[in-house]
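Let's take a walk through this model, from its internal voids to the surfaces where its parts meet. Have the viewer open and follow along.

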Protein chains: 2
Amino acid sequence: MTALPTAKVLEHVDANLDASVERLFDVLRIPSVSTDPAFAAEVQRGAQWMADTLSGLGFEASVRETKGHPMVVAHHAGPGGDAPHILYYGHYDVQPADPLDLWESGPFDPVLVDAERGKRIVARGAVDDKGQVMTWIEAFRAWIAVHGTLPCRITVLLEGEEETGSPSLDAFIKANADELKADACIVCDTGMWDVAQPAITYSLRGLAYLQATIKGPDRDLHSGLFGGTMVNPLNLIGRIVGELHDEKGRIQIPHFYDDVIPVGENERAQWEALGFDEAGFLGEVGLKTAGGEAGVGALERQWGRPTCDVNGILGGYVGDGAKTVIAREAMVKISCRLVPDQDPRAVLNNLKKFITDRLPEEYTASFVELGEAPAIRVPTDSPFLQAAQAGLKDVFERDAYLIGSGGSIPAVGSIKRYLGIESILLGFGLADDRVHSPNEKFELVCFHNGIRSNAAVLARIAELRG
Amino acid sequence: MTALPTAKVLEHVDANLDASVERLFDVLRIPSVSTDPAFAAEVQRGAQWMADTLSGLGFEASVRETKGHPMVVAHHAGPGGDAPHILYYGHYDVQPADPLDLWESGPFDPVLVDAERGKRIVARGAVDDKGQVMTWIEAFRAWIAVHGTLPCRITVLLEGEEETGSPSLDAFIKANADELKADACIVCDTGMWDVAQPAITYSLRGLAYLQATIKGPDRDLHSGLFGGTMVNPLNLIGRIVGELHDEKGRIQIPHFYDDVIPVGENERAQWEALGFDEAGFLGEVGLKTAGGEAGVGALERQWGRPTCDVNGILGGYVGDGAKTVIAREAMVKISCRLVPDQDPRAVLNNLKKFITDRLPEEYTASFVELGEAPAIRVPTDSPFLQAAQAGLKDVFERDAYLIGSGGSIPAVGSIKRYLGIESILLGFGLADDRVHSPNEKFELVCFHNGIRSNAAVLARIAELRG
């Protein structure tokens with residue numbers, strides 16, 4: 001049962017949901033697109049909005065410049081004494097809204113739309129990550145409104161570069177470790193199992209992301225004159241991509257699997273017990289055919305096995321019509337999702353070698369490293385994770401699932417490395433939220449339950465004192 | 001030795017070269033860029049210039065509208081009687097001049113520049129194809145100036161869409177076959193072996209050009225959530241491209257080689273006797289490594305064997321930086337150069353099947369056909385080809401090489417199909433003329449020898465009468 005102090009907070013949350021939605025709409029109206037320099041002032045405005053909002057709740061909040069977009073750091077002393085100290089990490093930047101013509105409403109004009117699960121909030125950033133960040137901020141607001149303070153000491157770290165690979169984050173956490181240090185971290189960029197079933201994510205895949213540009217001849221060539229006489233860089237890049245996997249979907253980069261820890265029998269059994277609906281998962285995006293490693297279960301391929309995916313490829317003439325050209329160069333972006341204990345640096349180096357080993361002697365490959373993060377496992381016996389489970393049970397009246405995620409949150413690795421603490425991945429998104437796509441949405445019921453859950457989790461963590 | 005009537009014509013050509021260059025400069029100043037609608041009026045002006053010029057020589061010339069840019073058709077009765085009737089085919093349109101900043105003089109401001117082989121004419125269209133067309137027109141002019149008429153009956157067909165794939169040509173030739181019919185055709189879009197060594201091109205490769213767009217999921221997906229669960233369309237298109245060739249460079253499209261006529265021993269020996277400098281050919285464009293079919297000679301791979309080249313590829317995120325997307329679709333442009341007796345239509349169909357056979361059941365491929373032309377072989381024992389050889393020997397005092405070309409000239413196929421006649425490919429370009437590139441040039445000595453050669457070839461063909 002929910003303890004009395006929490007019950008009043010939850011009542012306040014319920015009574016003020018419309019105002020919470022209005023505040024979320026306010027920040028959704030700021031097009032804080034971090035990847036496009038044209039939006040730099042809007043990203044700054046997004047940071048300022050977050051700092052002002054936290055200041056308004058009594059936090060000591062500041063916008064902190066970096067080489068890229070700013071961080072927001074905010075502190076609240078909480079009740080004092082031996083109350084636990086929690087770091088909250090999220091991001092206020094968003095993905096670009098393109099393609100604009102596929103949006104049914106303006107991406108930065110948030111609307112409430114009726115749908116099968118009740119109302120939903122539609123806008124870029126609705127769930128990733130402004131809506132999720134606002135689940136804590138509105139929980140903080142309710143606690144302060146009802147009790148005049150928070151039950152724990154809180155530090156907030158919000159970044160504005162998550163959607164561009166968090167280039168400043170690692171150095172910022174390292175440089176400000178004393179200020180950011182806490183007992184545990186709560187991260188809000190993950191999802192529920194389904195709309196009624198809460199989940200805590202305890203494993204994340206890592207990332208090694210590489211861009212390669214292959215150059216051959218010193219100019220574009222006529223395909224009649226040169227076809228069949230030389231190695232076409234576009235044929236070659238296709239061959240390299242084709243050789244990344246064997247017929248069974250096994251990745252062919254040398255040493256790729258050397259450090260992979262196989263999923264254990266117990267864990268596999270737990271995952272299988274979740275009853276993942278693979279056909280439904282694929283069907284939601286118009287697919288029927290499974291991919292990845294042959295003979296491996298669906299959730300295991302998503303959570304427990306590494307991948308190698310082409311994210312972009314470009315070469316030669318790509319306009320309308322015919323041009324009989326052999327292009328001098330071709331570009332490919334390749335990212336690998338990693339599992340424990342793969343080393344992202346080793347994967348990047350082995351992928352570079354895989355590519356250069358396939359080039360004729362005078363051809364060159366130039367590389368741009370676009371991201372690296374190790375895979376993460378949070379110990380499921382951590383008291384903070386168990387407190388989060390208890391808080392979720394207070395709200396949903398059922399046990400949260402412990403799930404994996406195929407994605408990567410580089411911040412979690414930096415937080416562990418420099419602050420020495422675990423992160424609890426507590427999120428309220430759904431698989432069909434259209435994250436990074438047109439018509440991104442956050443179910444109103446998820447936003448609401450997210451605020452309630454964060455309020456309840458705070459109370460449960462507060463019980464860990466002393 | 002050159003017969004007397006020709007000698008006087010050649011003297012006239014030599015004495016009036018400056019005026020010939022001035023006339024070529026006139027037409028080079030018309031930016032008849034066929035692919036860009038902004039230049040449509042200039043293309044029309046180019047057609048009118050050609051018609052007026054031929055009318056001025058006594059031809060019955062007209063500009064003939066098509067659905068695209070106009071054709072120019074002109075007739076000269078010649079000496080009458082049983083004089084042979086020759087069709088001349090060329091084009092008055094040009095490629096765009098971009099990138100403009102790489103030109104050392106205005107692309108439509110022709111200049112004479114001193115260079116290692118004497119003066120050269122620099123302008124867009126200098127050699128492709130206005131300069132080459134003017135080698136006949138100035139030869140006609142000299143014959144008419146010296147003898148009051150031409151030694152053969154002549155029909156001229158000039159198109160204004162060659163640089164956009166000749167979309168109107170096939171239908172125009174078919175519809176006007178009676179008017180265009182002649183004993184043989186002379187085509188001027190080819191080259192010499194080197195500046196001192198004339199050549200007649202007797203084989204051209206054909207073309208089958210296909211654009212394919214592969215679609216999988218109904219939206220772009222997050223590579224963390226979906227990586228390893230489904231078939232990434234970009235991984236797939238790489239695999240398809242990679243499987244187009246085996247390790248030895250053999251094309252893997254089913255039935256691709258079924259109709260290929262292998263190069264004969266005699267022909268191979270003739271080609272090898274030309275002493276082609278493969279290292280120099282590749283070195284000119286910064287390459288060392290040969291490509292194409294393993295164990296096949298350099299000229300044979302260029303002239304006598306089919307190819308399959310990716311001309312363009314595009315999919316996913318190709319801007320700066322990282323985007324961890326799995327794209328819903330990917331596009332590739334693939335062209336095959338063909339040899340006798342490959343059927344371009346069969347190649348297109350087999351290539352489509354090669355692609356669709358590799359798709360998961362719910363994935364689709366949509367196709368755009370971007371060109372098809374069969375390979376061409378001109379019988380080397382044709383009396384017209386032998387007359388052309390004799391004319392070249394009159395001018396150069398050496399035997400012309402009989403060479404192949406890796407390129408395609410779709411007009412030659414249409415002329416054979418609808419007019420039932422062979423084309424003699426008689427051209428004066430050089431490999432380093434920068435065709436389609438900035439600073440396109442035509443060596444003045446090649447222009448001069450081209451006019452002399454066309455004058456001499458006319459006389460030799462005239463000797464074929466009855």
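What volume does the largest cavity have? About 50 Å³, and keep in mind that this is a predicted model.

## Cavities

Searching the whole structure turns up two cavities of 30 Å³ or more. To find the largest cavity in your viewer, go to chain B: its lining is made up of His12(B), Val13(B), Asn16(B), Ser20(B), Arg23(B), Glu138(B), Arg141(B) and Ala142(B).

## Two domains in chain A

Chain A splits into domain 1, covering 4-204 + 375-462, and domain 2, covering 206-266 + 305-373. Measuring from C-alpha centre to C-alpha centre, domain 1 of chain A and domain 2 of chain A sit 35 Å apart.

How many residues bring these two domains into contact? Seven residues of domain 1 of chain A touch seven residues of domain 2 of chain A. The area buried between domain 1 of chain A and domain 2 of chain A comes to about 560 Å², with carbon and sulfur atoms giving 58% of that. On the domain 1 side, the residues losing the most area to domain 2 of chain A are Ala375(A), Arg377(A) and Ser408(A), which together account for 70% of what that side buries. By class, the domain 1 side that touches domain 2 of chain A has three nonpolar, three polar and one charged residues.

As for specific pairings, there are zero salt bridges between domain 1 of chain A and domain 2 of chain A. The polar contacts across that interface amount to two residue pairs, both residues of a pair being at pLDDT 80 or more.

## Where chain A meets chain B

Now for the interface between the chains. Here, 81 residues of chain A are in contact with 75 residues of chain B. Chain A and chain B bury about 6,300 Å² between them, and 51% of this is on carbon and sulfur atoms. Within the area that chain A buries against chain B, Arg239(A), Val285(A) and Ile313(A) supply 10%, more than any other three residues.

The polar side of this interface has plenty to click through. Between chain A and chain B there are 51 residue pairs in polar contact, counting pairs with both residues at pLDDT 80 or more. The salt bridge count between chain A and chain B is six.

Which residue of chain B forms a salt bridge with Arg239(A)? Look for Glu247(B), where the closest N and O atoms are 2.9 Å apart. Arg239(A) is also one of the three residues named above for the area that chain A buries against chain B.

Methods: Residues numbered from 1 in each chain as written. Chains lettered and ligands numbered in written order. Predicted model: local features only at pLDDT ≥ 70, side-chain atom pairs only at ≥ 80, totals over all residues. Heavy atoms only, no water. Domains from an automatic or database assignment. Contact = heavy atoms within 4.5 Å. Buried area = accessible area lost by both parts, 1.4 Å probe. Salt bridge = Lys/Arg side-chain N within 4 Å of Asp/Glu carboxyl O. Polar contact = N/O pair within 3.5 Å; in protein donor to acceptor, adjacent residues only side chain to side chain. Nonpolar A, V, L, I, M, F, W, Y, C, P; charged D, E, K, R; others polar. 1 Å grid on protein atoms, 1.4 Å probe; cavity = no way out; pocket = protein on both sides within 12 Å on 5 of 7 lines; lining within 4 Å. Points joined across faces, edges and corners; volume = space filled by probe spheres on them.
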